[in-house]
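Colleague: I have a new structure to learn from, and I keep stumbling over the words people use for it. Could you help me see where they come from?

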Amino acid sequence: MPYLYLLLIVVTLVLGLGTQFYIKATYKKFSKVPIASGLTGAQAARRMLDGNGLQSAQIVEIDGQLTDNYNPQTNILSLSHDVYNGRSIAATAVACHESGHAVQSARNYGPAKMRGSLVPVVSAVSNIWPIILIMGIFMNILGLIYAAIVFYAVAVIFQVVTLPVEFDASRRGLAYITSNATAQEAAGAKKVLTAAALTYVAAALASLLQLIYLIGVARR
């Protein structure tokens with residue numbers, strides 16, 4: 001079993017580091033390719049939001065790189081400095097992807113609502129399950145081990161539910177870009193969004209593998 005856990009760690013690291021390298025390299029490449037419209041990421045996001053009747057959604061600039069996000073509770077779209085001010089294919093792709101999340105919220109997109117309802121639960125169990133697992137192993141209490149696995153399974157479900165939410169946001173963003181940019185620009189935006197999606201796929205896969213490992217440990 002120790003060898004299997006070591007293998008799991010290696011696979012997780014390879015998936016995580018590999019996808020992170022790929023998204024950063026792809027983003028960097030297309031951040032150097034200007035968008036023909038000349039719009040900044042913030043302006044592209046504003047047009048997409050307004051085109052979907054979301055004039056009330058706010059767009060703000062935040063620090064960091066690829067820290068962009070949409071908060072459905074505050075209806076605020078937060079774009080990192082390079083995306084907010086960038087006039088590139090990468091900036092447009094990321095900004096429109098996050099705008100896609102805002103559209104999901106306005107349209108009551110089912111998977112997005114499900115993910116939102118899981119957030120407080122996942123926030124709680126993510127900090128608790130490792131402690132319970134360790135207690136169960138050292139105290140040799142199988143019930144605690146199973147409880148830890150159930151809690152971790154909730155976090156895994158959250159990551160799996162995240163996949164269709166992210167894919168759909170990219171689909172919405174790409175549809176807007178395709179109707180307002182050249183075919184070459186749309187193809188570049190698709191590469192950026194595909195690279196970003198792979199990070200979520202890798203995270204979900206790594207979590208599933210760890211869950212399977214934990215279930216195997218409990219059954220021994």
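Modeller: Happily! This is a predicted model. Let's begin with one pair of residues: N71 has I76 in β3 as its bridge partner.

Colleague: How do you know that β2 and β3 pair as strands?

Modeller: Pairing takes at least two bridges between two strands. Strand β2 (residues 69-71) and β3 have three bridges, in the antiparallel sense, so they count as paired. Together they form a hairpin with four residues between them, and N75 in the turn has a positive phi of about 60°.

Colleague: What makes β1 and β3 a pair?

Modeller: The same cut-off of at least two bridges applies. Strand β1 (residues 58-62) and β3 share five bridges, in the parallel sense, so they pair as well. One example is E61, whose bridge partner in β3 is L79.

Colleague: Why is β3 called mostly covered?

Modeller: Buried means under 20% relative accessible area. Four of the five residues in β3 (residues 76-80) are buried, so the strand is described as mostly covered.

Colleague: What makes L77 part of a nonpolar core?

Modeller: A nonpolar core joins buried residues of listed types, Leu among them, through side-chain atoms within 4.5 Å. L77 belongs to the largest such core, with 29 residues, and is among those with the most contacts inside it, alongside L49, I59 and L79. The largest share of this core, eight residues, comes from α4.

Colleague: How do you know that I59 touches L77?

Modeller: Contact means heavy atoms within 4.5 Å, so I59 and L77 have heavy atoms within that cut-off. I59 also touches other residues, including A42, A45 and Y84.

Notes: Residues numbered from 1 in each chain as written. Predicted model: local features only at pLDDT ≥ 70, side-chain atom pairs only at ≥ 80, totals over all residues. Heavy atoms only, no water. Buried < 20%, exposed > 50% of the residue type's maximum accessible area, 1.4 Å probe, protein only. Helix = DSSP H or I, 4+ residues; strand = E, 2+ residues; numbered from the N terminus. Lists of a residue's contacts leave out its neighbours within four places in sequence.
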